Amino acid sequence: MSLDRRKFLKRGAILGASLPVLPSLANSASIKAEKINSGLVKNGTIITAAHWGILKLSIKDGVVVKSEPFEKITKMDNPLQHYTPDMIYKSRVRFPYVRKSYLENPDNPKRELRGKEEFVRVSYKQAIELIAKELKKTRDSKGASAIFGGSYGWKSSGNMQNSRILLHRFLNVTGGFTGVTGDYSTGASQVIMPYVVGSIEVYEQQTSWENILEESKVVVIWGADPLATLRISWTSTEQEGLKYFEALKERKIKVICIDPVRTETIKFLNAQWVAPRPNTDVAMMLGMASHLIAVGKVNYEFLENYTTGFDKFKAYLDGKEDGIKKDTKWASKICGISEKNIKSLAELFYDNTTMIMSGWGMQRAHHGEQPHWMLVTLASMIGQIGTKGGGFGLSYHYSNGGVPTCKGGIIGGITAGSVGIWKNGKFKGMPKAEASLGGAEWLQNAASYSFPLARVAEAFLNPGKKIQHNGEELTYPEMDFIYWAGGNPLVHHQDTNTNLKAWRVPRTVVVNEIYWTPTAKMADIVMPVTSPYERDDLTMAGDYSNQYIVPMKKAVEPIDESRDDYEIFADLCKVYGKDVYNAFTDNGKKAMDFIKEYYNSALRQTRAYGAEFATPMPEFEEFWAKNEPVKFEANVESLEWVRFAEFIEDPILNALGTESGLIEIYSESIEKYNYDDCKPHPTWFEPIEWLGNADKNAPFHLLTNHPINRLHSQMCHTSLREKYAVGGREPILINSKDAKKLGVKNGDIVRVFNKRGEVLAGAVVSSDIMQGVVRLCEGGWYDPDENGLCKYGSANVLTIDIPTSKLANGNISHTGLVNIEKFKGTLPEVTAFSAPKGCL
C-alpha cells in the first residue's frame, strides 16, 4: 500500500443540492477518567501502533501513563515510542471553534485576520451545519474546483481512520474538489524516474538486505541518514531496517557516506565521510563518470544491452554541447571534493560489488530531477544493476526498504471513491464502477482537478495562471474553500511568509485537527479530532515487508468533544441527505464494520495461500480479543530477491516501463518538451542559491533535514522536545570554525535570517558539519511574534518556494542561503504549543 500511496485519479462532477437541517446531534460532555466504557481497559495494557512502531500502552485508572515498544527488535532505542501520553493529553483541540469575524459574517470573514484573531467556541451541531452550509455555498457559486481538499501529510497509521482519504471521500460524494499530485518527499524523483527506469522507484521494494550482507563489498550511503529516518514508517515500522544496519556494522563491508553532515549513521557505522558542497552531487557524479571513461573502467556491454542514449550523454560530458568538459578538475571546483578523491571513489565503485543507497534530500533541491537520473547513469556505467549486491536503491532509508517481503494477508483501507452523481439538485448515487466504497484499493487522491503539491501557495495566489508540468500545460483554478484534515502545511510548505498570504486568499478555511498546530490556528473553523489512541483501527507494520497485521485498540475515551474524522464526515453527509450519508458510510457502516471487513479480506488471502505457505490467521473476533499482532514470515524467494534481476535476465521479455523498454540515459520524450531547465539527459545546473554564489548577506547554505526526534512536525509538542531543544528553541548545527568567526558559542540563541524571513534557534557548535553549511531540521512549529519573527525556529520560514523545474515542479527545500548572528535582547516567550487565547 505504501508503494502506491501517491497514485492519483481525476474525475469530475457538479453539486447543486439544497441542504436540509441537520438532525439533532448530542453534544458530548467532558469524559472523566473514571467513566470508562466497559469495552476499554481501565487498568492494564493494550497493543496499538504508530508510525514509530508497534506499541504497548500501560493504563492506570483509565489514563495512559506509559508507552513502550511491543517487542524489542534492535539494540537501538527509539525515543519516539515513549511519548504516547503526551500525544493524547498535550496541546489538544478540545472543542469546535470558529474565528470571531467568520462566525459573525462568513460572507465578509475579514480573512486578513486569519491566524491573528480570537476563536469563539460553538456547539458540535452548529459547527457541522456551518461547514455544510458554507461548503455548498462555495460549490453553488464557484463550482467544485473552488473546493481545495488538502490533507497532504503523515496521517494516522490506521487504514480505516485515514483522515486524508476520508476527507476526499466526503468531498467526492458531495460533488468533487481540487486536489494535488506528487508530494514533498520525492516531488522530483517520482516524476523523472518513470522516464529513466519505467517506475516511480522511490517507493519500490529494494534488493534484499540478505543479498547485500552476503555479496556487497562496498555500500555507499549518499545523502541519507537511515538511523534517523528508519525510526518511522508510512504505516508502522517493524524496525527490521535498523536491525539490518546493525548487521552491516558487523560485516567486513566498506561503508562510505557522502553527505555535508557527519550523520548519526556515519558515526554508528564508523563510515568514511565524504562531504561535498550541498546541491553539487550531480557535478561530483559527472566528474566520476568522466574519469571512468578516461581510465577504461566502463561496462560498455551493460550500456549496450540495457540502456539507451549513452553516446549523447557522453557528448555532453565531453563538452560538445557547451564547450565545457565535465572532468574531475571541473567537478572538484564545484563540489569541493579533491580530484584525487573523486577518481579513487569512482574506481572503488567499479572495482568492487557496490550498492549505492541514495536518500531523497538531493532531489529536494533546485533541478532535483537531475541527481537520481545521474546516479542511475553512473550505476549503469559501473554495470552492476540487477546483481545480488550491486546497483542502486532509492528506498533503503525509508520505511525499511530491502527488508524481505513476507507471505501473508495484506489489509485494505478506506477509499476516496468517485465523484457523486447529482441531477436536478438531487443525489443520484455513485458511478456503478465505484458503487462499493469499501475494499482493498487505496486511492490517495481521487480529485476532480489537481496540480503539483509543491505549487499550492503559488496556485492560491495566482488563479488562472498557466504552468508547464511534465509535458502538459496546467491552469490553476480559483479556489475559495480549504478543507484540511491531517498534516500541518503551515510548517511543511516552503517560504512560510508567502504561504501565509496564500492561506488568507480563500473565503473559508476548515481544519480537522487533534492539536493546536500552526495550521489549526490559521483556520476559520476548527473541528476537534480524536488521537489514534481514542479510536479503534487496524494497520500493517512493515511497508515493504508486510510483516505484521496490528490491532490499534482504543485506549481511552475521546478527550472532551473530539470526534473521529469518520464520524465528523458522516455527520456532514447527514446534512446533505440520507443518500449521501449512505454513499459515504457504505449504507450505515460503523468504523468497526470496515475494520473487520479489511481484516477478513486479508484472512481470505492468507487461507488461499495455504498453511504451508503463510502463517495462519485467527478469526477476527479472536484476533481482536487477543489483542496481539499477526506475524508473517519471509520465504526463500523474497530473501533472495534482486531489484531489476528479471530485466537483466531478459530485457526483451521483461522490458522496463520506459518508452524504449530500457534504462534511458537520454529521454526522447523529455527532449520533445524542450524545457530549458530539464534537458533530455542528466545535466549540471547551477542552483538559484548555493555556496557558489553566496555573499556577505547570506554566506551559509541551509540544510533542512528530517529531524531524528520527530516525524516532520509530529511530536514537536511533546516533552521529547526537552531532550533536544536549546534554550527552548529548535537546534541549529553550526561548524565550530564558523561559530568562532560569528562569536557564537554552544547553547547561544541565534537569529537566522535572509530576505524571506527570520527565526530564532539554539546553536549546537560542532565539527559534524562542513564549513559554510548549517542545519536547521524541518518540522519545528511556526511561532511568529507581532513582526513575523519565528520565536521557535521553523525552518521553512527561510526556504525558497520555486519549482525544481518545469518537468516535476517539486520543492527545493534544501536549496537556500542564510545569515546568522548572535541574538541580543530579551528572548520572547515560545507560544507555539499553547492554545490560542481564550481556547480551552
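1. A word on terms before we start: a residue is called buried when its relative accessible area is under 20%. Please also keep in mind that this is a predicted model.

2. Let's begin with helix α4, which covers residues 163–173. Its buried residues are Ser 163, Arg 164, Ile 165, Leu 166, Leu 167, His 168, Arg 169, Phe 170, Leu 171, Asn 172 and Val 173. That is 11 of the 11 residues in α4, so the helix is largely enclosed by the rest of the structure. After α4 comes Gly 175, with a positive phi near 130°.

3. What does α4 pack against? One partner is helix α19, made of residues 565–576. The axes of α4 and α19 lie 10 Å apart and form an angle of about 5°. Because angles under 35 degrees count as roughly parallel, α4 and α19 are described that way.

4. The contact between these helices can be followed residue by residue. From α4 come Ser 163, Leu 166, Leu 167, Phe 170 and Val 173, and they meet Asp 565, Tyr 566, Phe 569, Leu 572, Cys 573 and Tyr 576 of α19. By type, the residues of this contact are nine nonpolar, one polar and one charged. As general background, an α-helix has 3.6 residues a turn, so residues three or four places apart point the same way.

5. Now to an open sheet of five strands, ordered β10-β9-β8-β12-β13, with parallel pairing. At the edges stand β10 (272–274) and β13 (391–393); each has a single partner strand, so one side of each is left without a neighbour in the sheet. On average, neighbouring strands here are turned by 20° against each other, direction ignored.

6. Which strand pairs with β13? The partner is β12, residues 354–358, and the two are joined in the parallel sense over three bridges. If you would like a spot to look at in the viewer, find Met 355, which stands opposite Gly 391 of β13.

7. Last comes a hairpin, formed by β18 and β19 with two residues between them. In the turn, Asn 470 has a positive phi of about 50°. The strands, β18 at residues 466–469 and β19 at residues 472–475, pair in the antiparallel sense over four bridges.

8. Which side chains of β18 are buried, and which are not? Ile 467 and His 469 point to one face and are buried, whereas Lys 466 and Gln 468 point to the other and are not. The buried Ile 467 has Leu 474 as its bridge partner in β19.

Key. Residues are numbered from 1 along each chain as its sequence is written. This is a predicted model: local features need pLDDT of at least 70, side-chain atom pairs count only at pLDDT 80 or more; totals for chains, interfaces and linings use all residues. Side-chain values use heavy atoms; hydrogens and water are left out. Buried means under 20% relative accessible area, exposed over 50%, partly exposed in between (1.4 Å probe, protein chains only). Two strands pair if DSSP finds at least two bridges between them. Axes are lines fitted to C-alpha atoms, for helices over the stretch in contact, and angles run from 0 to 180 degrees between N-to-C directions. Angles under 35 degrees count as roughly parallel, over 145 as roughly antiparallel, 65 to 115 as roughly perpendicular and the rest as oblique. Contact means heavy atoms within 4.5 Å. Ala, Val, Leu, Ile, Met, Phe, Trp, Tyr, Cys and Pro count as nonpolar, Asp, Glu, Lys and Arg as charged, and the others, Gly among them, as polar.
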